[in-house]
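Work through the exercises below with the sequence and the 3D view open. Try each task before reading its solution.

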Amino acid sequence: MWAFHTPQPTQPPSLFNPPRSPPKPPSSSLTLNPSTDTSTPNNNQLIQSLCKKGNLKQALKLLSHEPNPSQRTYELLILSCAHQNSLSLAQSLHSHISENGFDEDPFLVTKLINMYADLDSLDDARKLFDKTRKRTIFVWNALFRALTLAGFGEEVLGLYRKMIKVGVPSDRFTYTYVLKACVASECLVSLLKKGKEIHAHILRHGFETHVHVMTTLVDMYARFGCVAQASFVFKNMPVRNVVSWSAMIACYAKNEKPFEALELFREMIIETRDSVPNSVTMVSVLQACAALSALEQGKLIHAYVLRRGLDSVLPLISALITMYARCGELELGQRIFDRMKKRDVVSWNSLISSYGIHGYGKKAMQIFQEMIREGVSPSPITFVSVLGACSHAGLVEEGKGLFDAMRKVHGIIPSVEHYACMVDLLGRANRLEEAARIISEMRIEPGAKVWGSLLGSCRIHCNIELAERASHRLFQLEPLNAGNYVLLADIYAEAEKWDDVKRVRKLLETRSLQKVAGRSWIEVKRKMYSFVSVDEFNPQIEKIQSLLIKLSAEMKEKGYKPQTKVVLYDLEENEKERILLGHSEKLAVAFGLINTNKGETIRITKNLRLCEDCHSFTKFISKFTNKEILVRDANRFHHFQNGVCSCEDYW
DNA sequence: TCCGCAACTT
């Protein structure tokens, strides 16, 4: 039955039916020799010390000679099985424990459930729980933990209801698990309502003073994107620690509130003495800088990281590489990577995606190959990064090859993200039929990301038929995402199907959704300036507008043609031109021209994809004014210099 | 006696 070789094959039958007798008192001596005496009362201690040394097989061998294994002995054996990742040994040990009558010991049941969770054998954990009669809160919690970790959130919530029904009171651990269960669902159901109910239970039972419970609550709201609720809970916490602060900062950083994240970080440093930011806190702070492309802020944060001696923490270094790359400083990121003494897969992923967003697809692929040569196993995210890089650079065949190798060579099953990358890769390259075929051949349910990629490509290549198919699915999958309606309306508009445009815009209205406004921002002397079309308040707005009008007129003489077709309203040409000059990105460029010194690069970030007119306008400007202009749009970087863009007009 | 929170890479 044991999965290892035992030198005494005559023993077994009695192995699982040892005589029952009370455990003998432990001896103080530990100087036993197993080869000369295998059945002394101190076998327990010997087994335990073998477990501690990691010699599980030897320990199990000895167990077969021990008539009275103690609870402690079993405990160490269980931990050893989990540690050695051996399910078959674990199951045999479990039978041994049952046959010795220890399977009603809640202590060992808890340990066994945890062990099965570590070994990813949820069925064993469930079965054990089902036949356990003495279900202490420890046993319940262990199962909640196991199921939550594996993503069976709904099952946990069902069991939680049962637990309340049978009258077992929750403790602080129960609350952290069931809160996490709300966001750990395999299916895409929203368990926010459940989470709010549990929030109410927590308050009713007086757990609002428990830091861990309340921090988990903050994190739960954060993951649902309920920033206001998360911040409400956080502000009302009677006790906070570095983890609570980090959770709230991460909440802002992940939910498109980078300013708030930086502000809270500032508050944390100034107002608290006992909650000093750690490397985890700093990762979120760097993410906020990256989201804003706030290079100067980012450098200050980097200096802080160095002062605090946090610069050898791997995830933090990856965040630094990403921050510099997203702020346009690819070389600084590369330099940090070069100086790393130790690198993990995340460090490589960061570098690969950095080259990807700058449009260097070939280079990203080279780094990928180098990583493989160094013996680092790629993760699913590695492929998202490198496929994304291929997509930005139009490397269709290379991307297809990588997608193939991912399965065949690296044994990674493609996820929705990978399919979305492939659809994007093919779609951008105007191979829309091929992209649609990939979707129809998918073995998993194509989610919103996949259809979204297709719709985005249809927008670029104005394919109405496929766009209608994609948006039909998207309207079901994410009815509240305004972007999908806007894309479809834009496609109709470009084809001058004004009735359809009206119909889709009406749909947007009836669902009371708001089109996300195009926004651009620029950092000048450590201050961020943000622009939303013409009417945004800015003290220099008149100066900006007159500069744009002047430049536009001058550039027209040199061959610049306003791409009025991007204005998707049925208007006169000159009116369209006026609208074009109000695009946020042009305002930011003009602001940059006015407020930067000669030779200084203009760095702009835009929340949406760059429009064709802004793209050609900025190319002209870069030549006309002899300025380097770096623009990061929703997808990638555009490096404008001397009239050309690094994307080679493929974006 | 057993159990717990936050982070990175798309």
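Three exercises follow, on a predicted model.

**Exercise 1. Find which residues come nearest to DNA strand B.**

Solution. Start with the residues around the strand, taking a heavy atom within 4 Å as the cut-off. There are 32 of them. F138, Y177, K180, H212 and V346 come nearest. Next, sort the surface by class: 10 residues are nonpolar, 14 polar and 8 charged. Then turn to the DNA side. Of the strand B atoms within 4 Å of the protein, 45% belong to sugar or phosphate, and the rest to bases.

**Exercise 2. Find the polar side-chain atoms that lie by a phosphate or base oxygen of DNA strand B, and the elements that form the surface there.**

Solution. Take the phosphates first. An N or O atom in the R223 side chain is 2.9 Å from a phosphate oxygen. For K254, a polar side-chain atom also lies 2.9 Å from a phosphate oxygen. Now the bases: T110 places a polar side-chain atom 3.3 Å from a base oxygen. Finally, list the elements that give two or more residues to this surface; among them are α5 (106-118), α11 (211-223) and α13 (242-254). Helix α11 gives the most, with 5 residues.

**Exercise 3. Locate the largest nonpolar core and say why it lies between two domains.**

Solution. Count its members: 169 residues. Those touching the most other members include L77, I113, M282 and L454. Helix α17 (residues 314-326) gives the most to this core, 9 residues. Domain 1 (426-510) and domain 2 (520-645) both contribute residues, so the core lies between them. Last, mark a second, separate core of 28 residues, which includes L581, A590, L593 and I604.

Methods:
Residues are numbered from 1 along each chain as its sequence is written. Chains are lettered from A and ligands numbered from 1 in the order in which they are written. This is a predicted model: local features need pLDDT of at least 70, side-chain atom pairs count only at pLDDT 80 or more; totals for chains, interfaces and linings use all residues. Side-chain values use heavy atoms; hydrogens and water are left out. A polar contact is a pair of N or O atoms within 3.5 Å; within protein, one must be able to donate a hydrogen and the other to accept it, and residues adjacent in sequence count only if both atoms are side-chain atoms. Helices (H or I, at least four residues) and strands (E, at least two) are DSSP runs, numbered from the N terminus. Ala, Val, Leu, Ile, Met, Phe, Trp, Tyr, Cys and Pro count as nonpolar, Asp, Glu, Lys and Arg as charged, and the others, Gly among them, as polar. A nonpolar core is a set of buried Ala, Val, Leu, Ile, Met, Phe, Trp, Tyr and Cys residues joined through side-chain atoms within 4.5 Å. Buried means under 20% relative accessible area, exposed over 50%, partly exposed in between (1.4 Å probe, protein chains only). Domain bounds come from an automatic or database domain assignment.
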